[in-house]
Amino acid sequence: MIHRARASIKLSALHHNLNIARQYAGPRKVLAVIKANAYGHGLLPVAEALNEADAFGVTDINEAETLTQADCKKPIVILQGIIEQSDITRIAAGGYQLVVHRMQDLQWLEEALDKNPPAAPLTIWLKMNSGMGRLGLKPAAVKSAYAGLQHKDWCSEVILMTHLANGNLTDSELNQQQIDSFSSVAKELPDAPASIAASSGLLAGFGKDSDWVRPGIMLYGSSPFPYSDEKLRREHFGLQAVMSLEARLIAIQDCQAGDNVGYCSQFICPQDMRIGIVSIGYADGYPSNAPNGTPVMINGKRSVTCGRVSMDMIAVDLGPVPEAGTGDIVTLWGEQLSVDEVAEHTGILSYNLSCSIAARVERVYG
Ligand SMILES: Cc1ncc(COP(=O)(O)O)c(C=O)c1O
């Protein structure tokens with residue numbers, strides 16, 4: 001039973017969504033992105049549920065070591081690569097794969113590994129900035145870095161990668177420009193496996209002739225595309241909700257027309273109303289900017305929020321659920337109410353919503 005607020009994680013849905021990713025990937029290998037505590041869902045249980053992935057992607061060496069300490073034997077790719085030079089000793093000891101995105105990384109790797117090679121040579125994901133403008137080498141630098149790595153005993157394989165800036169905007173011209181720019185380099189290095197698509201690119205069919213895909217958000221049952229496009233919602237792809245965020249009705253106010261609800265009079269009752277007070281707020285990770293009218297489910301029926309989100313509470317309209325009483329369950333998002341719909345209402349990405357669930361919210365797995 002929920003005490004105050006609970007995030008229930010459906011492991012079978014993770015498994016199901018990985019299968020969907022595989023169907024879209026075809027022969028390409030799947031690197032399941034489980035960085036940032038598996039987008040707030042919990043690193044270790046998610047890794048276990050996704051153990052049929054070909055590799056895992058994490059943010060940094062700390063997340064990689066957490067997986068290893070839990071006996072994870074899967075190849076682990078550190079997506080942010082080297083933060084400081086001392087990371088290299090830990091990366092080499094753990095046998096992790098890493099993204100190299102600066103010339104400085106190569107220099108540091110040479111300094112650390114030329115004289116002291118690791119027990120097993122490393123796989124390097126060489127990242128090209130094809131237009132994302134975040135991490136990655138320019139095309140010419142990718143070619144020279146690749147050539148340099150061919151002579152290093154401590155490097156067993158180089159995988160070329162790039163990341164699409166507008167993969168979720170399927171008609172953006174930048175997608176094809178990035179793919180063309182990346183492909184022209186990849187063609188000159190035909191022995192190197194390549195990776196382009198994250199969830200959006202995978203579902204939209206970009207980079208089909210590459211070797212690896214890197215889905216993240218779709219594994220958690222969220223569509224990477226704007227919710228406003230009905231044809232690109234999660235159900236269109238057969239994705240299942242992974243997280244259900246639930247809290248309880250802890251008080252009921254019989255309000256009259258004109259009564260205030262909550263801070264700053266953000267909601268004044270337009271008529272006599274039953275208002276429910278729910279045990280979740282921004283300190284639990286519920287978005288503080290959720291406007292009046294953000295959808296919720298109460299006892300399985302849809303209703304909406306009323307008034308400003310407090311630290312530990314929100315208020316909801318009990319009009320559509322006259323039978324509701326204290327102790328009843330309120331679902332903030334889950335199977336019947338898509339996190340993508342809440343994201344659309346609040347202007348906060350689904351990625352951000354799940355990552356923001358606070359430590360004090362109990363997580364249960366089943
Ligand atoms: C390099 C890289 N690949 C893949 C992903 C997964 O993206 P998504 O969650 O949109 O599938 C990310 C996420 O930010 C990323 O940075």
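**A cavity and a domain interface**

The largest cavity in this predicted model has a volume of about 110 Å³.

Q: Why is this space called a cavity rather than a pocket?
A: A cavity is a space where a 1.4 Å probe fits but cannot get out, whereas a pocket is open. With a cut-off of 30 Å³ or more, the count comes to 1 cavity.

Q: Which residues line the largest cavity, and which of them lie nearest its centre?
A: The lining has 14 residues, and H41, Y220, M243, W333 and V339 lie nearest the centre. To count as lining, a residue needs an atom within 4 Å of a cavity point. By class, the lining divides into 7 nonpolar, 6 polar and 1 charged.

Q: How do you know which domains the lining of the largest cavity draws on?
A: Look at where the lining residues come from: at least three belong to domain 1 (11-228), and at least three to domain 2 (243-365).

Q: What makes domain 1 and domain 2 count as touching, with 37 Å between their centres?
A: Contact is judged on heavy atoms within 4.5 Å, so the distance between centres doesn't decide it. On that test, 13 residues of domain 1 are in contact with 12 residues of domain 2. About 1100 Å² is buried between the two domains, and carbon and sulfur atoms give 60% of that area. On the domain 1 side, Y39, H41 and Y227 lose the most area, together 44% of what that side buries.

Q: What kind of polar pairing is there between domain 1 and domain 2?
A: There are 7 residue pairs in polar contact, but 0 salt bridges. A salt bridge needs Lys or Arg facing Asp or Glu, and the side of domain 1 that touches domain 2 has 7 nonpolar, 6 polar and no charged residues.

Technical notes. Residues numbered from 1 in each chain as written. Predicted model: local features only at pLDDT ≥ 70, side-chain atom pairs only at ≥ 80, totals over all residues. Heavy atoms only, no water. 1 Å grid on protein atoms, 1.4 Å probe; cavity = no way out; pocket = protein on both sides within 12 Å on 5 of 7 lines; lining within 4 Å. Points joined across faces, edges and corners; volume = space filled by probe spheres on them. Nonpolar A, V, L, I, M, F, W, Y, C, P; charged D, E, K, R; others polar. Domains from an automatic or database assignment. Buried area = accessible area lost by both parts, 1.4 Å probe. Salt bridge = Lys/Arg side-chain N within 4 Å of Asp/Glu carboxyl O. Polar contact = N/O pair within 3.5 Å; in protein donor to acceptor, adjacent residues only side chain to side chain.
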